[in-house]
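This report describes the structure shown below. The account begins with a single pairing and then widens to the rest of the chain.

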Amino acid sequence: MKKRNTVQKKVIFSALNARCDHPSATKLYEDLREDNPNLSKATVYRVLKDAAEEGAVLRIHVGSEDRFDGTVSGHSHIICEKCHAICDTEFPLKAVSDLEEKSGYRVRSRHVEFYGLCPECRKEAAEG
Ligand SMILES: [Zn+2]
Ligand SMILES: [Zn+2]
């Protein structure tokens, strides 16, 4: 039982790390289901939720969903308000050092989210 869990964990993490679209647990499960018929949706969700609590993955709340990111090192996200696409983006380091200087704080971690319309949704908005 324990062994199976470890194997499933591995499958889930390597699938998450192989993609950069920040999938929800449901989406990840649906993509894994075909090759892993023993995997349950509850397992995928629990593994991701536990990992997020341990800080091994990032959880991003968008719309009514939790989305997951295998990259936990300092990076920022730009999120489409319409289709909820999530892209990785860099927050300029210069802005962080300016902030430290102004506030007197030392920044340990950051998670900045930018919101807007992605290129696809902008195109649709222009056409519609
Ligand atoms: Zn969009
Ligand atoms: Zn990310």
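## A strand pairing beside the metal

In this predicted model, His-77 has Asp-88 of strand S4 as its bridge partner. The two strands concerned, S3 (residues 76-80) and S4, run antiparallel and are joined by four bridges. They belong to an open sheet of three strands, arranged in the order S4-S3-S5 with mixed pairing. Strand S4 (86-89) and strand S5 (113-116) form the edges; each has a single partner strand, so one side of each remains without a neighbour in the sheet. On average, and ignoring direction, neighbouring strands of this sheet are turned by 25° against each other.

## The zinc site

Which residues coordinate the zinc ion (ligand 2)? His-22 (NE2), Asp-69 (OD), His-75 (NE2), His-77 (NE2) and Asp-88 (OD) do so, at 1.9 to 2.2 Å. The bridge partners His-77 and Asp-88 are thus both among the donor residues of the zinc ion. Along the sequence, the spacing of the donor residues is H-x46-D-x5-H-x1-H-x10-D. Since His-22 is located in the loop between H1 and H2 while Asp-69 belongs to strand S2, this pair ties together parts that are 47 residues apart in sequence.

Accessibility values are available for this pair of donors. His-22 is buried, its relative accessible area being 2%. Asp-69 is also buried, with a relative accessible area of 5%.

## Asp-66 and its surroundings

Strand S2 (residues 65-69) also contains Asp-66. The Asp-66 side chain makes polar contacts with two other side chains: that of His-61 at 2.8 Å and that of Tyr-45 at 3.4 Å. In addition, Asp-66 and Arg-59 meet through their side chains in a salt bridge, with an N to O distance of 3.7 Å. Arg-59 is partly exposed, at a relative accessible area of 33%. When neighbours within four places in sequence are set aside, the residues in contact with Asp-66 are Ser-24, Ala-25, Tyr-45, Arg-59, Ile-60 and His-61.

One of these contacts, Ser-24, is found in the loop between helix H1 (2-17) and helix H2 (25-33). Is Ser-24 buried or exposed? Its relative accessibility is 7%, so Ser-24 counts as buried. A polar atom of the Ser-24 side chain lies 3.2 Å from the backbone nitrogen of Lys-27. Not counting residues up to four places away in sequence, Ser-24 touches Glu-65, Asp-66, Arg-67 and Phe-68.

## Salt bridges

How many salt bridges does the count come to? The total is ten. Side chains of opposite charge can pair when their charged atoms come close. One of the salt bridges links the side chains of Asp-21 and Arg-19, at 2.8 Å from N to O. Both residues are partly exposed: the relative accessible area is 32% for Asp-21 and 21% for Arg-19. Arg-19 and Asp-21 also take part in a network of salt bridges that includes Lys-27 and Asp-31.

A further salt bridge joins the side chains of Glu-53 and Lys-49, with an N to O distance of 3.7 Å. Glu-53 and Lys-49 are separated by about one helical turn, because they are four residues apart in helix H3 (residues 41-54). Glu-53 counts as exposed at 55% relative accessibility, whereas Lys-49, at 31%, counts as partly exposed.

## The chain as a whole

The chain holds five helices and five strands. In sequence order, these elements follow the pattern α-α-α-β-β-β-β-α-β-α. The C-alpha trace spans about 55 × 45 × 20 Å along its principal axes.

Of the 128 residues in the chain, 28% are buried; His-22, Asp-69 and Ser-24 are among them. Where contacts between residues at least 6 apart in sequence are considered, 44% join residues at least 24 apart.

Note on methods:
Residues numbered from 1 in each chain as written. Chains lettered and ligands numbered in written order. Predicted model: local features only at pLDDT ≥ 70, side-chain atom pairs only at ≥ 80, totals over all residues. Heavy atoms only, no water. Polar contact = N/O pair within 3.5 Å; in protein donor to acceptor, adjacent residues only side chain to side chain. Contact = heavy atoms within 4.5 Å. Salt bridge = Lys/Arg side-chain N within 4 Å of Asp/Glu carboxyl O. Buried < 20%, exposed > 50% of the residue type's maximum accessible area, 1.4 Å probe, protein only. Pairing = 2+ DSSP bridges. Axes fitted to C-alpha atoms, helices over the stretch in contact; angles between N-to-C directions. Donors = N, O, S within 2.8 Å, 3.2 Å for Na, K, Ca; no water.
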